Amino acid sequence: MLNSAFAAVLPHLLEIMASALTTLIAWAALRARAHWGIEIEARDREALHSALMSGIRWALGRGLSGQAAISAAVEYAGRSVPDALTRLRPPHDVLHDLASAKLREIAERQPLYVGVDLAAEPVPETVAG
C-alpha cells in the first residue's frame, strides 16, 4: 500500500524538484550575468576614461588646445578602446563632454602646462620677490 502510494507520488515529486532546480539555475545565471556584466561595464568605463585622459595628454603634447584637443582625444579613445566604445555606446556629445572634463582636470592640476608641449622640459615657476 505504501509502495503504491509512493510510486504514484514519485513522478510528481520529480517534476516539482526539476522545476525548483530549473528556477534555481535560472536565478543563479541571472545573478552571475548581472554581477559580471556590471564588472565588465565598469572596466569599459575605466578604460574609456583612461583613454580620454591619455588622448588629452597626447593632444596637449602636440600643441593642441581647446576644441582641437578635445576632438583629438575623442579620436584617440576611438582608436585606443574601440571594444569599450562598442559595448558602452556613449553618444558623441557625451564623449566630448568627458574629454572636456579631462582637459579641465589637467588644467586644474598643472595650469602652467595647458597648451604647452608636456614632453618638453618643464618651465620653472618664477617666485615673486
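Author: A salt bridge is taken here as a side-chain nitrogen of Lys or Arg within 4 Å of a carboxyl oxygen of Asp or Glu. In this predicted model, two salt bridges are counted by that rule.

Reader: What makes the contact of Glu41 and Arg45 a salt bridge?

Author: The side chains of Glu41 and Arg45 meet with an N to O distance of 3.2 Å. The cut-off is 4 Å, so the pair qualifies as a salt bridge. Glu41 and Arg45 are four residues apart in helix H1 (residues 2-61), and therefore about one helical turn separates them.

Reader: Why are Glu41 and Arg45 called partly exposed?

Author: Glu41 has a relative accessibility of 39%, and Arg45 has 39% as well. Partly exposed covers the range between 20% and 50%, so the term applies to Glu41 and to Arg45.

Reader: How do you know that Arg87 and Asp44 form a salt bridge?

Author: The closest N and O atoms of Arg87 and Asp44 are 2.7 Å apart; this lies within 4 Å, so the definition is met. Arg87 belongs to helix H3 (residues 82-88) and Asp44 to helix H1, so the pair ties together parts 43 residues apart in sequence.

Reader: Are Asp44 and Arg87 buried or exposed, or in between?

Author: Asp44 has a relative accessible area of 7%, which is under 20%, so Asp44 is buried. Arg87, at 48%, falls between the two cut-offs and therefore counts as partly exposed.

Reader: Why is Gly66 called partly exposed?

Author: Gly66, found in helix H2 (residues 66-80), has a relative accessibility of 35%. That value lies between 20% and 50%, so Gly66 is partly exposed.

Conventions
Residues are numbered from 1 along each chain as its sequence is written. This is a predicted model: local features need pLDDT of at least 70, side-chain atom pairs count only at pLDDT 80 or more; totals for chains, interfaces and linings use all residues. Side-chain values use heavy atoms; hydrogens and water are left out. Helices (H or I, at least four residues) and strands (E, at least two) are DSSP runs, numbered from the N terminus. Buried means under 20% relative accessible area, exposed over 50%, partly exposed in between (1.4 Å probe, protein chains only).
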